[in-house]
Amino acid sequence: MEKNIDDHSNTFPHKDEENNTNANNTPHSLSPKTEENAKEAKSDGENEKANDLDHVKGEPEEGDKEEKENEDVLTFEVTPETPPPNLEKVSEDIDQFLATPHENNNNNVSDNEEKIPEFVDKFLDLVEEKMARYKSCEKKWGETVEEDSSFLEDVNRVSKLMKLLSIMLTEFQSREEKEEEKEGEEEKKGEEENEKEKEKEKEKEKELQEKHAKKDNSILFNRVDAIQQRAMSYLEEEFHLLMEESRVENKPEPNGAHDSKGKNVATPESSENEPIETPMDFPGFKDEAITNLNKIAREMLFAGYDSECCHVYIVSRKHSFGDGLHKLGYERISIDEVQRMQWESLEREIPTWINTFKECATVWFPGERKLVASIFSEDPSMADTLYTNLTRVVVFQLLNFAESVAMAKRAAEKLFKSLDMYETLRDTIPNLEKLFPKDIVDEIKAEMTSAKNRLGEVAVLIFCELENSIKNDNGKTPVAGGAIHPLTRYIINYLRLSCEYKDTLEEVFREHSKIERSDSTSRPRYENENQHSNEKENESPFTGQLTRVMELLDTNLEGKAKLYKEVPLSCIFMMNNGRYIVQKIKSSTEFYQVMGETWYRKRSTELRTYHKNYQIETWGKILNCLSPKGLNDNNGKVPKPALKERFKTFNTLFDEIHKTQSTWVMHDEQLKSELRVSISSLVIPAYRSFLGRFSQYLDPGRQTEKYIKFQAEDIETYIDELFDGNPNHGTMARRRA
Amino acid sequence: MPPTTENQQSSFLGRISIRRNQVMSMDGSNDQEQEDLELFQKHVGDRFSDLLSSTTEDPSSDALLSIGWIRKLLDELLCCEAEFKAVVMMGRDPAQICKPPLDRLLPDLLDRVVKALDVCNAVTLGIDAVRNLQRLAEIAVAALEPRPMGDGQVRRAKKALNSLVTAMMHEDKECGSSKGTERSRSFGRRGNAGKDRGGGSFRSLSWTMARNWSAAKQIHAMSSNLAAPRGAEATGLASPLYIMSTILVFVMWTLAAAIPCQERNGLGSHLPFPRQLAWAQPMIGLQDKIAEEWKKKEKKGTVGLLEEMQKMEKVGQWLIDFAESFQFPGETERLDEVKVHVEELADICRKMDEGLEPLQLQIREVFHRLVRTRTEFLHVLDQAGKLSAPTV
């Protein structure tokens, strides 16, 4: 701050000095000091122009005289008595001068109005001086807000002057042309009348004056033009720097709090408000910077330098977006490459893409739009165009990845990631109206919808291909022990996961299952479809497809069950797989909802049937052994050989069952124990009562030992060993010994 | 989306599909099909010979490689593509498409389609960058149009034109090494900001494709296994597949030559077109012309063959020379000359302004059409696969 005050104190007396010297000179001459400054300010090819100005200096005295003569007519006044003008005073005068209406009544222009007051030159001197200080970095942009604003105000005055001068010069031109015409006509008429001659003389005099004035004005015009260009060039550079610095600042700083501008930041708290590398920070411009950019943009637009401003803006933001995407880990992959990538690597890119896409749609684009709107607040349509040019490319590139994923070879495992992408697009589409200007919404929406639809179509196709993978699974080797088939696990888990995407899949199926794609250009024929599907109206196509898959799985499993030679084992197989399916469905709310209660009940009943069938198939013969039927002859005597045979058969059968069925598998613990309990409750009481009733008929000792190999407790133990999938339970006799 | 394309195509499609149906139901004799194939070849030849002759015979029509001409080229591509599909796919039994040699040729074509999609995208990005050049040219027009012409405006124009010409010259130098992007990324500090203001090279004006992606390599890959069918194949469906592939390669090559896009070194090498086939003659003629231009370009090191860009560069250079010698208020004669040049530049800008966006949209249309066609062919292949596979 102190430095600025110094600046001022240096400036003012210095200016006064100039004005004093100017008072003695012709108003047009530059004070040596300013001239020096002006020269300094001129870079490279500028010097020629300085020479021009030097050359010009001495000439326009005539014009000056006129100016002085006419001063009273002018609506403003520069009186020598007033304190020598500093920039502020001159600026006021300029403002007043500019505020005065300058529209001329075309033909009837009073000379006075074309005269440019002398303080204009003074003003320009001062502006040049100021600009030189900025350019030489003696003063930096952003150091003091007031200085910057006053500079911008000066620039604004320059622009206005420029406009005024070019209007004047054009009018002059056209008037001149008209007069030339008139002259020509008059010459034709001849020079008979003296009066006219006189008049003509007068006119010529006037013309001469005008010509001087014109020359004068055009020299001034050129000066203003050059000053304006230099000012604009400087502002453009500052604009560029501000754009870039804000971008750089948004990057993590290795030195922490160090301000990359290297300037005194007026508001120190703003750096605290700027948590580094938070995505929410996008686009990361400080309010101060935005205000500054807006001010500069306003002046550049006003001066007609809008294209420069836009160019700098768009190039800078383009790089910024590129950096941002890079930072998010998003990498552009060509469509060709996506087709060649292994799914494992492609799969990793998808969450990054989704993240990037969402980031763009929710943070970056709104942020960008706000930024461009605040910087170019003077011209909303220009802001929209800039925003559109920038974001459109980003959107298209992102969508290309979605398209290329949709194009990649279909595979079941791609379903869920495709649906994730689908959902991302679907959820963004309703917000497009808010995100994009009107004239581009349709185009972007069409593109996004197309990518979304393609992903949706792919999802439908992949899901429908499940049918094929079931149909094609027709191996002839049964799974050992009647265990759960891998196909069951795969399909059911896949379906279960699909049900987590139930709503999306239903939507996708509603929209795309009708698409008839075998014919080239034709899209769905809804009418026909509708007639057909009227009866199925309340069933969603997804549920229908899912049910179809489940039915196919059932059929397939039934076929697989037939591969077992033993009927009870195929029952166990069906129970295992059925149980697995039922349990999986029950533990997922969505899956359960899709399949419905009726279906679930039916499946549970089926399970019980298999259970029953198993019991009958396995234990029926055993129970027959234990039946008292046939062991009583009419006298109430028990035929011993028959009894012995019964015991022998039972022992062999039970041993056999134990031997084989302990290698069988029942995955579900609950079902296993239910099964064992039900077997026990079937066999043990029967055996117990058989023993109780008939063991007495055997001779105690050797005979009993030979025929009664199991006590009721033993039976229970062995039953508990069934379905463990353990071949080591093996023969029980050895262990008993 | 020119309505003419749609009309032509739909009538042709309609005719073929009706005929095909009749033929099929009559237990297809091959004659009808042969006729279709010949018709397709003839149409392709006609379309491209129109494109060729329009550049030589009719000076009032769009010049070779101008925006207007490229749009015509894309129109023809779309038409050919629609006819191709009609000939090869419509109403045909999928099993026919899967028989050798089509089982090999069709996937090759679909692979070319994928590569063409990337070229489309690269060119779209290129057009975006050309728009930036247009903006620079517009600055020059805005500066040099009004009279009187002051030193400031002349300097302004010079600055913009210098950026324009530099950007046009520097493509190949900066391109290729990834340093190009690094460098443009790192500018921004006060020290070096002056040098690269607004992006010195064309690269820094444009978005990049995937790393290591190269237009030249892609196009080379598209054409590498392109061989004209011989013997018995030459009369079968292999022929339209080959024609379509050739068209695709040629159009993509032309696009990449006309509009700057990532990595084009080696694009000048000749495409392997068959000199002996009648339908290919106009394409060969065009290729020779464009390759000639490309050679000149490589010598000069400028960015694109797009006619408007070449003109822009020429006029830009002239105006820079003028700007360097300009002294206020300038000589009337010289100023009149400037006026002519500025008008020309304004005219180019107007053409770009009117043409680039529709061109971009049209390329997008090509993109979508190719995607759709690929999907449809895959679907047919799928169906055929299901039919032939010994499923339960």
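## Surroundings of V154(B)

Once neighbours within four places in sequence are set aside, the residues in contact with V154(B) are M149(B), A323(B) and F326(B). The model in which these contacts appear is a predicted one, and V154(B) itself belongs to helix α6 of chain B. V154(B) is buried, because 27 other C-beta atoms lie within 10 Å, where 20 or more are needed for a residue to count as buried.

A longer separation can also be given for this residue: from C-alpha to C-alpha, V154(B) and P282(B) are 46 Å apart in space, while 128 residues separate the two in sequence.

## Helices α5 and α6 of chain B

The helix that holds V154(B), α6 of chain B, spans residues 151–169 and packs with helix α5 of chain B, which covers residues 102–144, at an angle of about 160 degrees and with the two axes 8 Å apart. Because angles over 145 degrees count as roughly antiparallel, α5(B) is roughly antiparallel to α6(B). The two helices, α5(B) and α6(B), meet in a left-handed crossing.

On the side of α5(B), the contact is formed by L133(B), L136(B), A137(B), I139(B), A140(B), A143(B) and L144(B), while α6(B) contributes residues including Q153(B), R156(B), A157(B), L161(B), L164(B) and M168(B). Sorted by class, the residues in the contact of α5(B) with α6(B) are 13 nonpolar, two polar and one charged.

## Helices α3 and α12 of chain B

Another packed pair in chain B is made of helix α3, residues 67–88, and helix α12, residues 238–258, whose axes are 10 Å apart and form an angle of about 160 degrees. That angle makes α3(B) roughly antiparallel to α12(B), and the crossing in which α3(B) passes α12(B) is left-handed.

The contact draws on I70(B), L73(B), L77(B), C80(B), F84(B), V87(B) and V88(B) from α3(B), and on P240(B), L241(B), M244(B), I247(B), V251(B), T254(B) and A258(B) from α12(B). By class, the contact of α3(B) with α12(B) has 13 nonpolar residues and one polar residue, with no charged residues.

## Where chains A and B meet

Between the two chains, 46 residues of chain A are in contact with 49 residues of chain B. Several helices of chain A each supply at least two residues of the side that touches chain B, among them α3 (47–57), α7 (145–189), α8 (194–249), α14 (380–407) and α17 (438–471). The helix that gives the most to this side of chain A is α8(A), with 14 residues.

The side of chain A that touches chain B has, by class, twelve nonpolar, 18 polar and 16 charged residues.

## Chain A and its confidence

Chain A has 29 helices and zero strands, and of its 737 residues, 34% are buried. Among contacts in chain A between residues at least 6 apart in sequence, 79% join residues that are at least 24 apart.

The average pLDDT of chain A is 77, and 72% of the residues score at least 70. Over residues 1–84 of chain A, pLDDT stays under 50, and for this stretch the model has 80 contacts beyond four places in sequence. Residues 104–113 of chain A likewise have pLDDT under 50, with nine contacts beyond four places in sequence in the model. Predicted coordinates should not be read in detail where pLDDT is low.

How values were computed. Residues are numbered from 1 along each chain as its sequence is written. Chains are lettered from A and ligands numbered from 1 in the order in which they are written. This is a predicted model: local features need pLDDT of at least 70, side-chain atom pairs count only at pLDDT 80 or more; totals for chains, interfaces and linings use all residues. Axes are lines fitted to C-alpha atoms, for helices over the stretch in contact, and angles run from 0 to 180 degrees between N-to-C directions. Helices (H or I, at least four residues) and strands (E, at least two) are DSSP runs, numbered from the N terminus. Angles under 35 degrees count as roughly parallel, over 145 as roughly antiparallel, 65 to 115 as roughly perpendicular and the rest as oblique. A crossing is left-handed if the near helix is turned anticlockwise from the far one by less than a right angle, and right-handed if clockwise. Two residues are in contact if their C-beta atoms, placed from the backbone, lie within 7 Å. Ala, Val, Leu, Ile, Met, Phe, Trp, Tyr, Cys and Pro count as nonpolar, Asp, Glu, Lys and Arg as charged, and the others, Gly among them, as polar. A residue is buried if 20 or more other C-beta atoms lie within 10 Å of its own, exposed if 12 or fewer, and partly exposed in between; C-beta atoms are placed from the backbone. pLDDT is the predictor's confidence in each residue, from 0 to 100.
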